[in-house]
Structure formats: C-alpha cells, structure tokens
Amino acid sequence: MHFTGRTWRPPYEANTPIIQATSGCTYQNCRFCSLFKDEPFRMSPMEEFEADLAEIKRYQPYARRLFWTGASPFAMSYDNLKLRALTVRDYLIKCQSMAMFASIRDIKGKEVWQLKKLRAMGINGLSIGTESGSDKTLSLANKGYTAADIAEQCRKLDEAGIEYYFVYMTGLAGKGGGYRNAVESAELFSQLNPYFISVDSLTLFPDTELFAMAQRGEFTPAGERERIEELQTFISHLQIRTHLLANSVSNYYPVTANLPYDREKVLSELQYVLDTKSEAEMLAFRTGLKSLGQDTQENGPHNGEKTAVRQSKKKLRDQER
Ligand code: SF4
C-alpha cells in the first residue's frame, strides 16, 4: 500500500479498509491544527491508487466500504473523484460506499448534479470538520468559511442524498465563549442533517498559531469545567435526531448518546463529573496529552480517540459509583 506521511481515519471508520487518495491538507490554516504542517498536499497518482485497490482486492475482495485517506480528498475535481469512484468499482464489485474527509470549502466548488452523480457512484459518508457553527468561533479558528456557508453547502449534500458527519470542538471559543459557541452551533446544526456529531475538545499544541496567540495574550483557553458545561449546553440545544460521539481522547470524560433519547442520561453523567472532579484534576489530564495522534494512528485530523484511556476512565467512573 502506498501510504506516505501521516495517515488518519476517524475512529468510527476503524473497521473500514483505507486507501490513500490524497495526503496532506489543501488548507493548512486552521489556527488550532498543525497536523500536516510539513506535508504538502498530494494527490495519489492513479497508478498508485489502482495498485492499492488491487492489493485490497487480494485481501478483502468483498469490501463494502472504503475510506479514502488524506484531509482533503474531496478537494479533487468532480472528474477526478468520478474516475476514482468508478475505478474502485472495477476492483471491488461489492463496494457500496466510499467515505472521506471533506471541507465546506471543497463542497462549494461542486454543483448539486455533480454531487448526485458522485453519490450514485458510491461516494457517501463525508466527515466534515466544522468544529463550530458560530461565526465568531469559525473566524477565531480561521476555518475559512462561515455558518451560512456550512448551511448552504450541507443543504446541497442533503439534496444529493450524501450522508455527512460533523465535528464539534469544545473550548475552541476560548474562555467565556463556550455557552455562546454551544448555543449558536446547536442552532445551526439543528437546521441540518448530520448523521452523527463527533465531539473533540481543544488541546493547544505548541506548533499551532492558536498556541502562539495564547502566548501573546490574544487567546485565553477555556477551562476544563467550562468545556463540560459547553458540551451540556450543546447537547441541551440540539433539536435533531442524531448520534453524539464525545468519546475521543481529547474529551476528559467520554460519552456517547443517541439524541434525543439519551439526552437526560448523558447530561446527568456530565453533571456528575462537574460535581466530583476539580479543575486541577481535569487540567492534569489535558496537559498529559502530547499530540493529536497520541498512541494511535487511526484518528481524525480533529483530535482522536484513544480507546484504552476511554475504557480505563469508564472503569474508574464505574468503581466510584
Ligand atoms: S483542521 Fe483539517 S482542514 Fe484545518 S488545517 Fe487541520 S487538517 Fe487542514
């Protein structure tokens, strides 16, 4: 397999065969992210892509889903996506869906008719690192799009029937901004149809612009308690049926919920943490995180899941009860 540089996939695609369609990120300007800082964007040549498909075919000839790696595979042109999607079908005749990361910026350049055709060819399951639905936070993070852009582009996906997933990041609005960020994001996301929402929490790493801003006093990170309160507010204000996966390594206390059914249960779990843990205890966990890819290479570029930590923390919690 032709994997170069950092290879990421979201935790929920852990059982999906992966293939490198692109590597690196076309944007590289999000202020909290340094993941692909030293890795230029590259499209895998078709020869490499086909050779990898042939290899996957040898081991999993009946694979029904593929995950295309790289932060920006959906940045490829319609024709390039079409060629690759059709080529996948040449090798993996049972493959029904091809999932990947996509940015709102990458959807912008595609017409609804093109999205419909891509959907018909099997492209489905776009992980979109929205991080927030609040203009103030999107601007602070330098995401390169607005809440209105998110709404407009995701409505195109809805029209085309392409399933998509959002990422929400607590703490990104900085100290005192969590409540506003949660309410505005929940309001926007509630107008759309994310199949699930994955939640991470901001971890400031030294090689990011946001870290430099914090050093200069231009950004004050939210405390850990504020982040959990932010997550509670976000969950309280979401008015859609969706799955919430707040169980990545960056979340102090991992929770998952089938909303709206689990709303009260998960809110009270988070309240239990607020009632029993101190800010210092939670902060110690955050400062122990060394990198986005700590101990794992199968997470998304927006922080990831570390199963062992998640399970041990759950055990700890169960023991305390
Ligand atoms: S968060 Fe995603 S889009 Fe932003 S710079 Fe990092 S990899 Fe690129």
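**Exercise 1. Find the residue that stands opposite Gln20, and place the pair in the sheet.**

Solution. Gln20 stands opposite Thr69 in strand 4. Strands here are DSSP runs of E with at least two residues, helices are runs of H or I with at least four, and both are numbered from the N terminus. This is a predicted model: local features need pLDDT of at least 70, side-chain atom pairs count only at pLDDT 80 or more, and totals for chains, interfaces and linings use all residues. Residues are numbered from 1 along each chain as its sequence is written.

Next, the pairing. Strand 1 and strand 4 run parallel over 3 bridges; two strands pair if DSSP finds at least two bridges between them. Strand 4 also pairs with strand 5 (residues 97-102), in the parallel sense, over 4 bridges. There, Trp68 has Met100 in strand 5 as its bridge partner. From strand 4 the chain crosses through helix 2 (residues 78-91) to strand 5, a right-handed β-α-β crossover. Right-handed means that, with the strands pointing away from the viewer, the path from the first strand over the helix to the second runs clockwise.

**Exercise 2. Give the strand order of the open sheet and name its edge strands.**

Solution. The order is 1-4-5-6-7-8-9-10, 8 strands with mixed pairing. Strand 1 (18-20) and strand 10 (255-259) are the edges; each pairs on one side only. Neighbouring strands are turned by 20 degrees against each other on average, direction ignored. Axes are lines fitted to C-alpha atoms, for helices over the stretch in contact, and angles run from 0 to 180 degrees between N-to-C directions.

Helix 9 (residues 224-237) packs on this sheet, touching strand 7 (164-170), strand 8 (196-201), strand 9 and strand 10. The direction of helix 9 makes about 145 degrees with that of strand 7. At the strand 10 edge, strand 9 (residues 242-246) pairs with strand 10 in the antiparallel sense over 5 bridges. Ala246 has Val255 as its bridge partner in strand 10.

**Exercise 3. Classify Leu238 and Gly5 as buried, partly exposed or exposed.**

Solution. Start with the cut-offs. A residue is buried if 20 or more other C-beta atoms lie within 10 Å of its own, exposed if 12 or fewer, and partly exposed in between; C-beta atoms are placed from the backbone.

Leu238 lies in the loop between helix 9 and strand 9. Leu238 has 23 C-beta neighbours inside 10 Å, so Leu238 counts as buried. Beyond neighbours within four places in sequence, its contacts (C-beta atoms within 7 Å) are Ala186, Phe189, Ser190 and Leu259.

Gly5 sits in the segment before strand 1. Gly5 counts as partly exposed because 16 C-beta neighbours lie inside 10 Å. Residues up to four places away in sequence aside, Gly5 touches Ser23, Gly24 and Glu39.

**Exercise 4. Name the residues that touch the most other members of the largest nonpolar core.**

Solution. They are Leu66, Met98 and Met100, in a core of 75 residues. A nonpolar core is a set of buried Ala, Val, Leu, Ile, Met, Phe, Trp, Tyr and Cys residues joined through C-beta atoms within 7 Å. Strand 7 gives the most to this core, with 6 residues. Strand 4 (residues 65-69) is mostly covered, with 4 of its 5 residues buried.

**Exercise 5. Locate the stretch where pLDDT is below 50.**

Solution. That stretch is residues 292-321. pLDDT is the predictor's confidence in each residue, from 0 to 100. The protein averages 89, and 90% of the residues score at least 70. Where pLDDT is low, the predicted coordinates should not be read in detail.

Methods
Contact = placed C-beta atoms within 7 Å.
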